[in-house]
Amino acid sequence: MTNTKNQTSNVRSSVAAALAAAMLAGCATSGNPKDPIEGVNRAVFTFNETVDKAVLKPVAQGYEYVMPQPVQTGVLNFFSNIADVWISVNNLVQGKPADALSDVGRVVVNSTVGILGLFDVATGMGLEKHEEDFGQTLGRWGVGDGAYLVLPIFGPRTLRDAGGLAVDIFGDPIMYIDSSEVRYTAVGVRAVSDRASFLKAESAIDAAALDKYAYVRDAYLQRRQSLIHDGNPPRDKYYPSLDVTENILDVTPTESTWALMFVGAPASANVDTDASPAAAEIEVASH
Amino acid sequence: MFKRIFQLLLLSFALNAGAQASVDTSTPDALVKDVTEEVLATLRTDPSIKAGDVKKAAALVETSVLPHFNFTRMTALAVGREWRTATDEQKKQLTDEFRTLLVRTYSNALTSFRNQTVEYRPFKMAPTDTDVTVRTQIVQPGGRPIPIDYALEKQDAGWKVYDVMVAGVSLVTNYRETFAAEMRTGGVDGLVKSLHAKNTTTTAAK
(Lines give C-alpha, C1' and ligand atoms only; values in the text may rest on other atoms or scores of the structure.)
Protein backbone atom coordinates (compact mmCIF):
# COMPACT_ATOMS: atom_id res chain seq x y z
CA MET A 1 0.00 0.00 0.00
CA THR A 2 2.77 2.35 1.01
CA ASN A 3 4.55 1.36 -2.13
CA THR A 4 1.59 2.17 -4.27
CA LYS A 5 1.25 5.54 -2.58
CA ASN A 6 4.89 6.26 -3.15
CA GLN A 7 4.60 5.31 -6.77
CA THR A 8 1.57 7.48 -7.16
CA SER A 9 3.35 10.45 -5.68
CA ASN A 10 6.39 9.69 -7.82
CA VAL A 11 4.25 9.68 -10.89
CA ARG A 12 2.67 12.90 -9.73
CA SER A 13 5.95 14.64 -9.22
CA SER A 14 7.15 13.35 -12.57
CA VAL A 15 4.08 14.83 -14.20
CA ALA A 16 4.69 18.07 -12.38
CA ALA A 17 8.32 18.08 -13.47
CA ALA A 18 7.39 17.25 -17.02
CA LEU A 19 4.84 20.01 -17.15
CA ALA A 20 7.25 22.49 -15.64
CA ALA A 21 9.84 21.56 -18.24
CA ALA A 22 7.17 21.88 -20.85
CA MET A 23 6.28 25.39 -19.79
CA LEU A 24 9.89 26.37 -20.20
CA ALA A 25 10.25 24.54 -23.48
CA GLY A 26 6.84 25.69 -24.63
CA CYS A 27 8.27 28.87 -26.05
CA ALA A 28 10.72 26.91 -28.18
CA THR A 29 8.20 25.52 -30.58
CA SER A 30 9.28 24.78 -34.14
CA GLY A 31 6.32 26.68 -35.50
CA ASN A 32 4.43 23.73 -36.94
CA PRO A 33 0.86 25.01 -37.21
CA LYS A 34 -0.57 21.58 -36.47
CA ASP A 35 1.44 21.35 -33.27
CA PRO A 36 1.18 24.71 -31.50
CA ILE A 37 2.11 23.35 -28.07
CA GLU A 38 5.01 21.22 -29.25
CA GLY A 39 7.08 21.95 -26.16
CA VAL A 40 4.43 20.60 -23.81
CA ASN A 41 3.73 17.69 -26.12
CA ARG A 42 7.37 16.67 -26.28
CA ALA A 43 7.60 16.69 -22.49
CA VAL A 44 4.49 14.52 -22.12
CA PHE A 45 5.78 12.23 -24.88
CA THR A 46 9.00 11.72 -22.95
CA PHE A 47 7.02 11.15 -19.78
CA ASN A 48 4.87 8.52 -21.52
CA GLU A 49 7.94 6.76 -22.89
CA THR A 50 9.42 6.68 -19.40
CA VAL A 51 6.26 5.25 -17.85
CA ASP A 52 5.96 2.72 -20.65
CA LYS A 53 9.53 1.59 -20.21
CA ALA A 54 9.15 1.31 -16.45
CA VAL A 55 5.73 -0.31 -16.20
CA LEU A 56 3.65 -1.28 -19.21
CA LYS A 57 6.34 -2.62 -21.50
CA PRO A 58 7.93 -5.02 -18.98
CA VAL A 59 4.50 -6.36 -18.05
CA ALA A 60 3.61 -6.81 -21.71
CA GLN A 61 6.91 -8.60 -22.31
CA GLY A 62 6.18 -10.98 -19.47
CA TYR A 63 2.69 -11.56 -20.79
CA GLU A 64 4.00 -12.35 -24.24
CA TYR A 65 6.64 -14.67 -22.84
CA VAL A 66 4.25 -16.63 -20.63
CA MET A 67 1.08 -16.80 -22.71
CA PRO A 68 0.86 -19.19 -25.64
CA GLN A 69 0.02 -17.47 -28.93
CA PRO A 70 -3.53 -18.91 -29.15
CA VAL A 71 -4.30 -17.48 -25.70
CA GLN A 72 -2.99 -14.07 -26.72
CA THR A 73 -5.12 -14.19 -29.85
CA GLY A 74 -8.15 -15.23 -27.80
CA VAL A 75 -7.70 -12.27 -25.46
CA LEU A 76 -7.32 -9.83 -28.36
CA ASN A 77 -10.45 -11.28 -29.98
CA PHE A 78 -12.41 -11.14 -26.74
CA PHE A 79 -11.85 -7.40 -26.29
CA SER A 80 -12.19 -6.76 -30.00
CA ASN A 81 -15.64 -8.35 -29.85
CA ILE A 82 -16.73 -6.14 -26.97
CA ALA A 83 -15.38 -3.10 -28.85
CA ASP A 84 -17.55 -3.96 -31.86
CA VAL A 85 -20.62 -2.82 -29.92
CA TRP A 86 -19.38 0.78 -29.72
CA ILE A 87 -17.96 0.59 -33.24
CA SER A 88 -21.44 -0.30 -34.43
CA VAL A 89 -22.93 2.76 -32.70
CA ASN A 90 -20.30 4.97 -34.32
CA ASN A 91 -20.95 3.57 -37.77
CA LEU A 92 -24.66 4.17 -37.28
CA VAL A 93 -24.27 7.82 -36.30
CA GLN A 94 -21.80 8.31 -39.15
CA GLY A 95 -24.59 7.37 -41.52
CA LYS A 96 -23.25 3.95 -42.43
CA PRO A 97 -26.16 1.68 -41.44
CA ALA A 98 -24.87 -1.27 -43.48
CA ASP A 99 -21.55 -1.22 -41.64
CA ALA A 100 -23.35 -0.79 -38.33
CA LEU A 101 -25.52 -3.80 -39.06
CA SER A 102 -22.48 -5.82 -40.06
CA ASP A 103 -20.87 -4.90 -36.72
CA VAL A 104 -23.96 -6.11 -34.84
CA GLY A 105 -23.79 -9.30 -36.88
CA ARG A 106 -20.16 -9.73 -35.83
CA VAL A 107 -21.03 -9.40 -32.16
CA VAL A 108 -23.89 -11.89 -32.47
CA VAL A 109 -21.81 -14.45 -34.36
CA ASN A 110 -18.62 -14.06 -32.36
CA SER A 111 -20.37 -14.05 -28.98
CA THR A 112 -22.12 -17.33 -29.77
CA VAL A 113 -20.36 -19.40 -32.39
CA GLY A 114 -17.11 -17.69 -31.45
CA ILE A 115 -17.53 -18.67 -27.79
CA LEU A 116 -17.88 -15.33 -26.01
CA GLY A 117 -15.75 -13.63 -28.61
CA LEU A 118 -12.63 -15.73 -28.09
CA PHE A 119 -12.67 -16.68 -31.76
CA ASP A 120 -13.30 -14.27 -34.59
CA VAL A 121 -15.57 -16.41 -36.72
CA ALA A 122 -17.34 -13.46 -38.30
CA THR A 123 -14.39 -12.24 -40.38
CA GLY A 124 -14.21 -15.62 -42.09
CA MET A 125 -17.90 -15.29 -42.90
CA GLY A 126 -17.27 -12.03 -44.71
CA LEU A 127 -18.26 -9.66 -41.89
CA GLU A 128 -15.25 -7.40 -42.01
CA LYS A 129 -13.88 -5.83 -38.84
CA HIS A 130 -14.17 -2.04 -38.76
CA GLU A 131 -12.19 0.47 -36.81
CA GLU A 132 -14.25 3.36 -35.53
CA ASP A 133 -14.26 5.65 -32.54
CA PHE A 134 -15.96 8.87 -31.61
CA GLY A 135 -13.05 11.03 -32.74
CA GLN A 136 -13.56 9.62 -36.23
CA THR A 137 -17.27 10.21 -35.96
CA LEU A 138 -16.64 13.86 -35.14
CA GLY A 139 -14.23 14.04 -38.08
CA ARG A 140 -16.88 12.55 -40.30
CA TRP A 141 -19.28 15.18 -39.09
CA GLY A 142 -16.84 17.85 -40.21
CA VAL A 143 -15.05 18.72 -36.98
CA GLY A 144 -11.45 19.71 -37.70
CA ASP A 145 -8.42 18.06 -36.15
CA GLY A 146 -7.56 20.92 -33.87
CA ALA A 147 -4.17 21.04 -32.26
CA TYR A 148 -2.07 17.94 -31.90
CA LEU A 149 -1.92 16.81 -28.28
CA VAL A 150 0.01 14.16 -26.44
CA LEU A 151 -2.09 13.06 -23.50
CA PRO A 152 -0.43 11.53 -20.45
CA ILE A 153 -0.72 7.70 -20.68
CA PHE A 154 -3.23 7.79 -23.55
CA GLY A 155 -0.67 9.17 -25.99
CA PRO A 156 -1.16 10.98 -29.30
CA ARG A 157 -4.50 12.64 -30.01
CA THR A 158 -5.78 15.74 -31.66
CA LEU A 159 -7.98 18.13 -29.76
CA ARG A 160 -10.94 16.61 -31.55
CA ASP A 161 -9.83 13.06 -30.81
CA ALA A 162 -9.25 13.90 -27.16
CA GLY A 163 -12.89 14.94 -26.98
CA GLY A 164 -13.78 11.77 -28.80
CA LEU A 165 -11.81 9.75 -26.27
CA ALA A 166 -13.98 11.05 -23.43
CA VAL A 167 -17.08 9.87 -25.28
CA ASP A 168 -15.39 6.56 -26.12
CA ILE A 169 -14.79 5.90 -22.44
CA PHE A 170 -18.46 6.61 -21.85
CA GLY A 171 -19.35 4.16 -24.64
CA ASP A 172 -16.99 1.42 -23.50
CA PRO A 173 -19.04 -1.57 -22.27
CA ILE A 174 -16.19 -2.54 -19.91
CA MET A 175 -16.85 0.64 -17.93
CA TYR A 176 -20.31 -0.62 -17.06
CA ILE A 177 -19.15 -3.74 -15.26
CA ASP A 178 -20.58 -3.51 -11.74
CA SER A 179 -17.76 -5.10 -9.82
CA SER A 180 -14.93 -2.60 -9.71
CA GLU A 181 -12.43 -5.42 -9.31
CA VAL A 182 -13.55 -7.11 -12.50
CA ARG A 183 -13.70 -3.78 -14.26
CA TYR A 184 -10.17 -2.75 -13.37
CA THR A 185 -8.85 -6.20 -14.16
CA ALA A 186 -10.48 -6.08 -17.57
CA VAL A 187 -9.05 -2.64 -18.31
CA GLY A 188 -5.62 -3.80 -17.17
CA VAL A 189 -5.61 -7.03 -19.16
CA ARG A 190 -6.79 -5.18 -22.22
CA ALA A 191 -4.02 -2.62 -21.90
CA VAL A 192 -1.36 -5.30 -21.51
CA SER A 193 -2.75 -7.36 -24.37
CA ASP A 194 -2.81 -4.33 -26.66
CA ARG A 195 0.68 -3.35 -25.66
CA ALA A 196 2.01 -6.86 -26.19
CA SER A 197 0.58 -6.97 -29.68
CA PHE A 198 3.00 -4.33 -30.91
CA LEU A 199 6.14 -5.24 -29.01
CA LYS A 200 7.91 -6.63 -32.03
CA ALA A 201 7.66 -3.46 -34.04
CA GLU A 202 9.57 -1.22 -31.70
CA SER A 203 13.03 -1.65 -33.08
CA ALA A 204 11.66 -0.84 -36.50
CA ILE A 205 10.24 2.51 -35.52
CA ASP A 206 13.39 3.38 -33.61
CA ALA A 207 15.41 2.52 -36.69
CA ALA A 208 13.19 4.51 -39.02
CA ALA A 209 12.82 7.77 -37.14
CA LEU A 210 15.25 10.66 -37.12
CA ASP A 211 13.08 12.32 -34.51
CA LYS A 212 10.78 9.81 -32.88
CA TYR A 213 8.41 12.44 -31.50
CA ALA A 214 7.84 14.01 -34.92
CA TYR A 215 7.66 10.65 -36.64
CA VAL A 216 4.94 9.39 -34.32
CA ARG A 217 3.07 12.69 -34.53
CA ASP A 218 3.02 12.80 -38.31
CA ALA A 219 2.10 9.15 -38.58
CA TYR A 220 -0.74 9.64 -36.12
CA LEU A 221 -2.14 12.56 -38.08
CA GLN A 222 -1.96 10.67 -41.37
CA ARG A 223 -3.45 7.57 -39.84
CA ARG A 224 -6.41 9.49 -38.48
CA GLN A 225 -7.11 11.06 -41.87
CA SER A 226 -7.05 7.62 -43.40
CA LEU A 227 -9.37 6.17 -40.76
CA ILE A 228 -11.88 9.00 -41.02
CA HIS A 229 -12.07 8.33 -44.75
CA ASP A 230 -12.24 4.57 -44.16
CA GLY A 231 -8.94 3.96 -45.90
CA ASN A 232 -9.56 6.24 -48.87
CA PRO A 233 -8.35 9.70 -47.94
CA PRO A 234 -8.02 12.19 -50.77
CA ARG A 235 -4.65 11.26 -52.17
CA ASP A 236 -3.70 13.88 -54.72
CA LYS A 237 -2.47 16.33 -52.14
CA TYR A 238 0.19 13.94 -50.92
CA TYR A 239 1.96 13.97 -54.22
CA PRO A 240 2.05 17.33 -55.86
CA SER A 241 4.24 17.30 -58.92
CA LEU A 242 7.79 18.27 -58.11
CA ASP A 243 7.51 21.71 -59.62
CA VAL A 244 4.89 22.78 -57.16
CA THR A 245 6.03 20.75 -54.18
CA GLU A 246 5.50 22.94 -51.21
CA ASN A 247 6.12 22.32 -47.63
CA ILE A 248 3.39 23.29 -45.27
CA LEU A 249 5.88 25.14 -43.12
CA ASP A 250 6.82 27.38 -45.99
CA VAL A 251 3.25 28.41 -46.53
CA THR A 252 1.61 31.04 -44.43
CA PRO A 253 -1.14 29.23 -42.57
CA THR A 254 -4.57 30.43 -43.49
CA GLU A 255 -5.79 29.85 -39.97
CA SER A 256 -4.31 31.37 -36.90
CA THR A 257 -2.80 28.95 -34.44
CA TRP A 258 -5.56 29.57 -31.97
CA ALA A 259 -8.28 29.00 -34.49
CA LEU A 260 -6.60 25.73 -35.39
CA MET A 261 -6.31 24.79 -31.81
CA PHE A 262 -9.95 25.17 -31.03
CA VAL A 263 -11.87 24.47 -34.15
CA GLY A 264 -9.38 23.09 -36.63
CA ALA A 265 -9.60 23.82 -40.29
CA PRO A 266 -12.95 24.80 -41.75
CA ALA A 267 -14.74 21.81 -43.17
CA SER A 268 -14.79 23.47 -46.54
CA ALA A 269 -11.01 23.29 -46.81
CA ASN A 270 -11.05 20.17 -48.92
CA VAL A 271 -13.91 21.06 -51.22
CA ASP A 272 -11.62 22.94 -53.53
CA THR A 273 -9.30 20.41 -55.08
CA ASP A 274 -6.88 23.14 -56.01
CA ALA A 275 -6.59 24.22 -52.42
CA SER A 276 -3.17 25.34 -51.34
CA PRO A 277 -0.94 22.69 -49.77
CA ALA A 278 -1.53 24.34 -46.42
CA ALA A 279 -5.23 23.85 -46.73
CA ALA A 280 -4.65 20.32 -47.92
CA GLU A 281 -2.52 19.50 -44.94
CA ILE A 282 -4.99 20.75 -42.42
CA GLU A 283 -8.06 19.62 -44.21
CA VAL A 284 -10.69 17.68 -42.39
CA ALA A 285 -13.16 15.05 -43.31
CA SER A 286 -16.32 16.49 -44.61
CA HIS A 287 -18.03 13.81 -46.53
CA MET B 1 -0.96 0.55 -32.51
CA PHE B 2 1.63 2.60 -34.34
CA LYS B 3 4.46 0.34 -33.60
CA ARG B 4 2.72 -2.56 -35.17
CA ILE B 5 1.79 -0.48 -38.14
CA PHE B 6 5.37 0.55 -38.63
CA GLN B 7 6.66 -2.92 -38.37
CA LEU B 8 4.34 -3.89 -41.15
CA LEU B 9 5.14 -0.80 -43.09
CA LEU B 10 8.75 -1.69 -43.13
CA LEU B 11 8.03 -5.31 -43.70
CA SER B 12 5.81 -4.52 -46.63
CA PHE B 13 8.50 -2.56 -48.30
CA ALA B 14 10.81 -5.43 -48.14
CA LEU B 15 8.07 -7.77 -49.26
CA ASN B 16 7.85 -5.86 -52.45
CA ALA B 17 10.82 -7.72 -53.78
CA GLY B 18 11.75 -10.47 -56.16
CA ALA B 19 14.22 -11.45 -58.81
CA GLN B 20 13.79 -9.02 -61.62
CA ALA B 21 14.08 -11.58 -64.34
CA SER B 22 10.79 -13.27 -63.56
CA VAL B 23 8.89 -10.16 -62.58
CA ASP B 24 6.15 -8.98 -64.87
CA THR B 25 6.58 -5.21 -65.00
CA SER B 26 4.01 -4.58 -67.71
CA THR B 27 1.19 -3.81 -65.28
CA PRO B 28 1.55 -2.34 -61.79
CA ASP B 29 -0.59 -4.92 -60.04
CA ALA B 30 1.33 -7.79 -61.61
CA LEU B 31 4.58 -6.15 -60.58
CA VAL B 32 3.53 -5.78 -56.95
CA LYS B 33 2.21 -9.29 -56.82
CA ASP B 34 5.20 -10.97 -58.47
CA VAL B 35 7.72 -9.16 -56.36
CA THR B 36 5.80 -9.79 -53.14
CA GLU B 37 5.42 -13.48 -53.87
CA GLU B 38 9.10 -13.84 -54.66
CA VAL B 39 10.13 -12.32 -51.38
CA LEU B 40 7.60 -14.37 -49.46
CA ALA B 41 9.02 -17.48 -51.10
CA THR B 42 12.56 -16.51 -50.14
CA LEU B 43 11.50 -15.79 -46.57
CA ARG B 44 9.78 -19.12 -46.24
CA THR B 45 12.77 -21.07 -47.45
CA ASP B 46 15.54 -19.09 -45.77
CA PRO B 47 15.48 -19.61 -42.01
CA SER B 48 18.47 -17.31 -41.42
CA ILE B 49 16.41 -14.18 -42.12
CA LYS B 50 13.77 -15.28 -39.64
CA ALA B 51 16.54 -15.97 -37.19
CA GLY B 52 17.50 -12.31 -37.38
CA ASP B 53 20.19 -12.16 -40.06
CA VAL B 54 19.79 -8.51 -41.01
CA LYS B 55 22.62 -8.63 -43.53
CA LYS B 56 20.95 -11.38 -45.46
CA ALA B 57 17.66 -9.52 -45.37
CA ALA B 58 19.43 -6.42 -46.65
CA ALA B 59 20.89 -8.41 -49.53
CA LEU B 60 17.42 -9.62 -50.42
CA VAL B 61 16.09 -6.08 -50.38
CA GLU B 62 19.06 -4.79 -52.34
CA THR B 63 18.84 -7.27 -55.19
CA SER B 64 15.11 -7.77 -55.41
CA VAL B 65 13.19 -4.79 -54.11
CA LEU B 66 15.33 -1.83 -55.02
CA PRO B 67 15.19 -2.15 -58.79
CA HIS B 68 11.46 -1.47 -58.62
CA PHE B 69 11.66 1.69 -56.57
CA ASN B 70 12.23 5.22 -57.71
CA PHE B 71 14.36 6.54 -54.88
CA THR B 72 14.98 9.90 -56.48
CA ARG B 73 11.27 10.64 -56.60
CA MET B 74 10.80 9.35 -53.05
CA THR B 75 13.58 11.55 -51.74
CA ALA B 76 12.27 14.57 -53.62
CA LEU B 77 8.82 14.08 -52.15
CA ALA B 78 10.18 13.74 -48.65
CA VAL B 79 12.48 16.74 -48.98
CA GLY B 80 9.82 18.99 -50.45
CA ARG B 81 10.50 22.35 -51.93
CA GLU B 82 14.15 22.55 -50.90
CA TRP B 83 14.73 19.86 -53.48
CA ARG B 84 14.39 22.37 -56.28
CA THR B 85 17.19 24.55 -55.01
CA ALA B 86 19.50 21.72 -53.97
CA THR B 87 22.62 21.13 -56.06
CA ASP B 88 23.03 17.90 -57.99
CA GLU B 89 25.63 16.80 -55.48
CA GLN B 90 23.26 17.46 -52.59
CA LYS B 91 20.47 15.60 -54.36
CA LYS B 92 22.72 12.63 -54.81
CA GLN B 93 23.79 12.67 -51.17
CA LEU B 94 20.22 13.00 -49.95
CA THR B 95 19.02 10.15 -52.13
CA ASP B 96 21.87 7.88 -51.06
CA GLU B 97 21.36 8.53 -47.38
CA PHE B 98 17.56 8.24 -47.53
CA ARG B 99 17.88 5.04 -49.46
CA THR B 100 20.28 3.61 -46.92
CA LEU B 101 17.95 4.54 -44.10
CA LEU B 102 14.99 2.86 -45.76
CA VAL B 103 16.88 -0.27 -46.71
CA ARG B 104 18.24 -0.69 -43.20
CA THR B 105 14.86 -0.30 -41.60
CA TYR B 106 13.16 -2.67 -44.00
CA SER B 107 15.79 -5.29 -43.65
CA ASN B 108 15.36 -5.01 -39.92
CA ALA B 109 11.61 -5.44 -40.25
CA LEU B 110 11.94 -8.40 -42.60
CA THR B 111 13.57 -10.43 -39.88
CA SER B 112 10.37 -10.21 -37.85
CA PHE B 113 8.35 -11.82 -40.61
CA ARG B 114 6.49 -14.83 -39.28
CA ASN B 115 3.20 -16.21 -40.48
CA GLN B 116 1.75 -13.30 -42.33
CA THR B 117 0.23 -13.73 -45.75
CA VAL B 118 -0.52 -11.10 -48.36
CA GLU B 119 -3.84 -10.58 -50.11
CA TYR B 120 -4.31 -8.48 -53.24
CA ARG B 121 -7.31 -6.23 -53.46
CA PRO B 122 -9.19 -5.79 -56.74
CA PHE B 123 -7.31 -3.47 -59.08
CA LYS B 124 -8.60 -1.46 -62.00
CA MET B 125 -6.83 1.03 -64.22
CA ALA B 126 -7.33 2.70 -67.55
CA PRO B 127 -4.71 1.87 -70.21
CA THR B 128 -3.68 5.52 -70.24
CA ASP B 129 -3.06 5.78 -66.48
CA THR B 130 0.51 6.57 -65.50
CA ASP B 131 0.03 6.99 -61.75
CA VAL B 132 -1.83 4.32 -59.83
CA THR B 133 -2.28 2.77 -56.40
CA VAL B 134 -2.17 -0.98 -55.92
CA ARG B 135 -3.86 -2.13 -52.74
CA THR B 136 -2.85 -5.17 -50.76
CA GLN B 137 -3.23 -6.27 -47.17
CA ILE B 138 -1.14 -8.28 -44.81
CA VAL B 139 -3.13 -10.91 -42.98
CA GLN B 140 -1.67 -12.04 -39.70
CA PRO B 141 -2.86 -14.62 -37.24
CA GLY B 142 -4.48 -12.99 -34.24
CA GLY B 143 -4.48 -9.48 -35.64
CA ARG B 144 -6.62 -7.58 -38.01
CA PRO B 145 -5.43 -7.22 -41.61
CA ILE B 146 -3.18 -4.25 -42.28
CA PRO B 147 -3.76 -2.45 -45.55
CA ILE B 148 -0.63 -1.81 -47.62
CA ASP B 149 -0.96 0.45 -50.63
CA TYR B 150 1.73 0.97 -53.23
CA ALA B 151 1.85 4.13 -55.30
CA LEU B 152 3.43 3.51 -58.70
CA GLU B 153 4.24 5.63 -61.68
CA LYS B 154 4.93 4.57 -65.23
CA GLN B 155 8.37 5.23 -66.59
CA ASP B 156 10.17 4.20 -69.74
CA ALA B 157 11.78 1.38 -67.82
CA GLY B 158 8.42 0.17 -66.54
CA TRP B 159 6.40 0.79 -63.40
CA LYS B 160 8.22 2.08 -60.35
CA VAL B 161 7.04 2.35 -56.78
CA TYR B 162 7.40 5.82 -55.29
CA ASP B 163 5.52 5.41 -52.04
CA VAL B 164 4.13 2.80 -49.73
CA MET B 165 1.24 3.49 -47.39
CA VAL B 166 0.72 1.22 -44.46
CA ALA B 167 -2.63 1.59 -42.74
CA GLY B 168 -2.88 4.98 -44.37
CA VAL B 169 0.53 6.22 -43.29
CA SER B 170 2.75 7.23 -46.17
CA LEU B 171 6.31 6.24 -45.66
CA VAL B 172 7.63 9.10 -47.73
CA THR B 173 5.46 12.01 -46.66
CA ASN B 174 5.83 11.01 -43.04
CA TYR B 175 9.41 12.28 -43.20
CA ARG B 176 8.45 15.70 -44.55
CA GLU B 177 8.08 17.55 -41.28
CA THR B 178 11.21 16.05 -39.78
CA PHE B 179 13.24 16.85 -42.87
CA ALA B 180 11.85 20.38 -42.99
CA ALA B 181 12.82 20.92 -39.35
CA GLU B 182 16.34 19.64 -40.02
CA MET B 183 16.72 21.90 -43.03
CA ARG B 184 15.49 24.94 -41.15
CA THR B 185 18.33 24.63 -38.69
CA GLY B 186 21.11 23.22 -40.85
CA GLY B 187 20.07 23.60 -44.45
CA VAL B 188 20.25 20.74 -46.94
CA ASP B 189 23.74 19.85 -45.77
CA GLY B 190 22.48 19.67 -42.20
CA LEU B 191 19.84 17.15 -43.26
CA VAL B 192 22.43 15.07 -45.11
CA LYS B 193 24.57 15.12 -42.01
CA SER B 194 21.70 14.05 -39.74
CA LEU B 195 20.72 11.23 -42.07
CA HIS B 196 24.31 10.10 -42.27
CA ALA B 197 24.64 10.16 -38.49
CA LYS B 198 21.42 8.17 -38.15
CA ASN B 199 22.61 5.60 -40.68
CA THR B 200 25.93 5.20 -38.96
CA THR B 201 24.28 4.68 -35.57
CA THR B 202 21.92 2.12 -36.97
CA THR B 203 24.89 0.26 -38.37
CA ALA B 204 26.73 0.37 -35.08
CA ALA B 205 23.68 -0.93 -33.24
CA LYS B 206 23.50 -3.99 -35.43
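Here are some questions and answers to help you find your way around this predicted model.

Q: Which pattern of helices and strands does chain A follow along the sequence?
A: Let's start with the overall layout. Chain A has 12 helices and 2 strands. Read from start to end, the pattern is α-α-α-α-α-α-β-β-α-α-α-α-α-α.

Q: What share of the residues of chain A count as buried?
A: A residue is called buried when its relative accessible area is under 20%. Chain A exposes about 14,000 Å², and carbon and sulfur atoms supply 66% of that area. Of its 287 residues, the buried share is 47%.

Q: Which helix gives the most residues to the largest nonpolar core?
A: In soluble globular proteins, nonpolar side chains tend to be buried together. Here the largest nonpolar core has 66 residues, and those with the most contacts inside it are B:Met74, B:Leu152, B:Tyr175 and B:Phe179. The helix that gives the most to this core, with 7 residues, is α7 (residues 88-110) of chain B.

Q: Which residues of chain A are in contact with B:Tyr175?
A: B:Tyr175 is a good place to look, as one of the residues with the most contacts inside the largest core. Leaving aside neighbours within four places in sequence, its contacts in chain B are B:Ala78, B:Phe98, B:Leu101 and B:Leu102. From chain A, the contacts are A:Ala208, A:Ala209 and A:Tyr215.

Q: Why is helix α5 of chain B described as largely enclosed by the rest of the structure?
A: Look along residues 71-79 of chain B and check which ones are buried. Among them are B:Phe71, B:Met74 and B:Val79. The helix is largely enclosed because the number of its 9 residues that are buried is 8.

Q: Which residue caps the N-terminal end of α5(B)?
A: The two ends of this helix each have a feature to find. Just after α5(B), B:Gly80 takes a positive phi of about 80°. At the N-terminal end, a side-chain oxygen lies 3.3 Å from the backbone nitrogen of B:Thr72, and the residue that supplies this oxygen is B:Asn70.

Q: How many residues apart are A:Asp35 and A:Arg217?
A: Side chains of opposite charge can pair when their charged atoms come close. A:Asp35 and A:Arg217 form a salt bridge, with their closest N and O atoms 2.9 Å apart. A:Asp35 sits in the loop between α1 and α2 of chain A and A:Arg217 in helix α10, so the pair links distant parts of the chain, with a separation in residues of 182.

Q: Which residues are joined with A:Arg217 into one network of salt bridges?
A: A:Arg217 also meets A:Asp218 in a salt bridge of 3.0 Å, N to O, and both of these residues are buried. Salt bridges that share partners extend this into one network. Along with A:Arg217, the network joins A:Asp35, A:Glu38, A:Arg42, A:Asp211 and A:Asp218.

Q: Is A:Met175 buried, partly exposed or exposed?
A: A:Met175 is found in the loop between α7 (159-170) and α8 (180-196) of chain A. This residue belongs to a nonpolar surface patch with A:Ile153, A:Phe154, A:Ile169, A:Phe170 and A:Tyr176. The relative accessible area of A:Met175 is 32%. Values between 20% and 50% have their own label, so A:Met175 is partly exposed.

Methods. Residues are numbered from 1 along each chain as its sequence is written. Chains are lettered from A and ligands numbered from 1 in the order in which they are written. This is a predicted model: local features need pLDDT of at least 70, side-chain atom pairs count only at pLDDT 80 or more; totals for chains, interfaces and linings use all residues. Side-chain values use heavy atoms; hydrogens and water are left out. Patches are made of residues with over 30% relative accessible area and no salt bridge: like charges are joined within 9 Å, nonpolar side chains (Val, Leu, Ile, Met, Phe, Trp, Tyr) within 5 Å. Accessible areas come from the Shrake-Rupley method with a 1.4 Å probe; for residues, only the protein chains shown count as cover. A salt bridge is a side-chain nitrogen of Lys or Arg within 4 Å of a carboxyl oxygen of Asp or Glu. Helices (H or I, at least four residues) and strands (E, at least two) are DSSP runs, numbered from the N terminus. Buried means under 20% relative accessible area, exposed over 50%, partly exposed in between (1.4 Å probe, protein chains only). A nonpolar core is a set of buried Ala, Val, Leu, Ile, Met, Phe, Trp, Tyr and Cys residues joined through side-chain atoms within 4.5 Å. Contact means heavy atoms within 4.5 Å. A polar contact is a pair of N or O atoms within 3.5 Å; within protein, one must be able to donate a hydrogen and the other to accept it, and residues adjacent in sequence count only if both atoms are side-chain atoms.
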